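Please look at the sequence and the structure shown below before reading on. The paragraphs that follow lead from single residues to the chain as a whole.

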Amino acid sequence: MNNKVIPTIKCRVITHYIDDQSEPEQNRYVFSYTITICNLGQGNAQLLRRRWLITDANGKKLVVEGEGVVGEQPTIAPNDEYTYTSGTIIETPLGVMEGHYVMIDDHGNEFNAEIVPFRLAIPNILH
């Protein structure tokens with residue numbers, strides 16, 4: 001029997017359209033996203049890497065992978081959270097982001113913390 005306990009990670013996402021950096025006539029739509037990563041487990045969890053799949057309304061897909069987030073590889077204690085803000089640019093006024101963080105627990109076990117798909121949309125594009 002395997003008694004390995006995988007930390008429970010939940011993510012909350014808030015997105016914003018950045019009008020003053022966007023150029024719709026050039027098919028350039030800029031969005032920021034703020035993610036709060038909550039460690040609901042009983043041990044520490046360190047964020048090592050991220051992988052994003054960004055899809056615009058034309059079906060164009062972009063994969064972004066890298067170490068940490070915003071230059072950091074935070075360790076999140078049990079019942080604590082880490083919040084950061086980043087951004088992306090897409091060619092349509094509507095898109096979707098999804099992905100996962102590769103994390104490691106106190107025992108050196110790597111696991112994925114999934115980020116469910118979330119919408120990038122200019123205000124009032126959807127009713």
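Glutamate 23 is placed in the loop that lies between β1 (9-17) and β2 (29-39). In this predicted model, glutamate 23 has a relative accessible area of 33% and is therefore partly exposed, since the class of partly exposed residues lies between the buried ones, under 20%, and the exposed ones, over 50%. A distance can also be given for this residue: 94 residues along the chain separate glutamate 23 from proline 117, and their C-alpha atoms are 25 Å apart.

From this loop, the view may be widened to the whole protein. The protein contains 8 strands and 0 helices, so that its elements, read from the N terminus, follow the order β-β-β-β-β-β-β-β. The C-alpha trace spans about 55 × 30 × 25 Å along its principal axes. Of the 127 residues in the protein, 37% are buried. The accessible surface amounts to about 7,600 Å², and carbon and sulfur atoms account for 46% of that surface. The protein carries 10 positive and 16 negative charges, and the mean positions of these two groups are 6 Å apart.

How do the strands pair with one another? Strand β3 (residues 45-56) offers a good place to begin. Strand β3 is joined to strand β7 (residues 94-105) by 11 bridges, and these two strands run antiparallel. Within this pairing, leucine 47 stands opposite methionine 103 of β7. Strand β3 is also joined to β4 by 7 bridges, again in an antiparallel arrangement, and here isoleucine 54 has leucine 62 of β4 as its bridge partner. A further 2 bridges join β3 to β5, and these strands run antiparallel; alanine 45 has its bridge partner in β5, namely isoleucine 76. The strands β3 and β4 form a hairpin with 4 residues between them, and in this hairpin glycine 59 has a positive phi near 85°.

Which backbone angles deserve attention in the loops? Most residues other than glycine have a negative phi. Valine 70 is not a glycine, yet its phi is positive, at about 40°. This residue, valine 70, lies in the loop between β4 (61-67) and β5 (75-76), and its relative accessibility of 46% is the reason why it counts as partly exposed. Asparagine 79 likewise has a positive phi, near 60°, and is a residue other than glycine. Asparagine 79 belongs to the loop between β5 and β6. With a relative accessible area of 68%, asparagine 79 is exposed, because the class of exposed residues begins over 50%.

The path now turns to strand β6 (residues 80-90), where threonine 88 is found. Is threonine 88 buried or exposed? Threonine 88 counts as buried because its relative accessibility is 10%, and the buried class takes in values under 20%. Beyond its neighbours within four places in sequence, threonine 88 is in contact with Tyr29, Val30, Phe31, Tyr33, Ile54, Met97 and Leu120. One of these residues, Ile54, has already appeared as the bridge partner of leucine 62.

Contacts between residues that are distant in sequence can also be considered for the protein as a whole. Among contacts between residues at least 6 apart in sequence, 64% join residues at least 24 apart.

Notes
Residues are numbered from 1 along each chain as its sequence is written. This is a predicted model: local features need pLDDT of at least 70, side-chain atom pairs count only at pLDDT 80 or more; totals for chains, interfaces and linings use all residues. Side-chain values use heavy atoms; hydrogens and water are left out. Buried means under 20% relative accessible area, exposed over 50%, partly exposed in between (1.4 Å probe, protein chains only). Contact means heavy atoms within 4.5 Å. Accessible areas come from the Shrake-Rupley method with a 1.4 Å probe; for residues, only the protein chains shown count as cover. Lys and Arg count as positive and Asp and Glu as negative; His and the chain ends are not counted. The place of a charge is taken as NZ of Lys, CZ of Arg, CG of Asp or CD of Glu. Two strands pair if DSSP finds at least two bridges between them.
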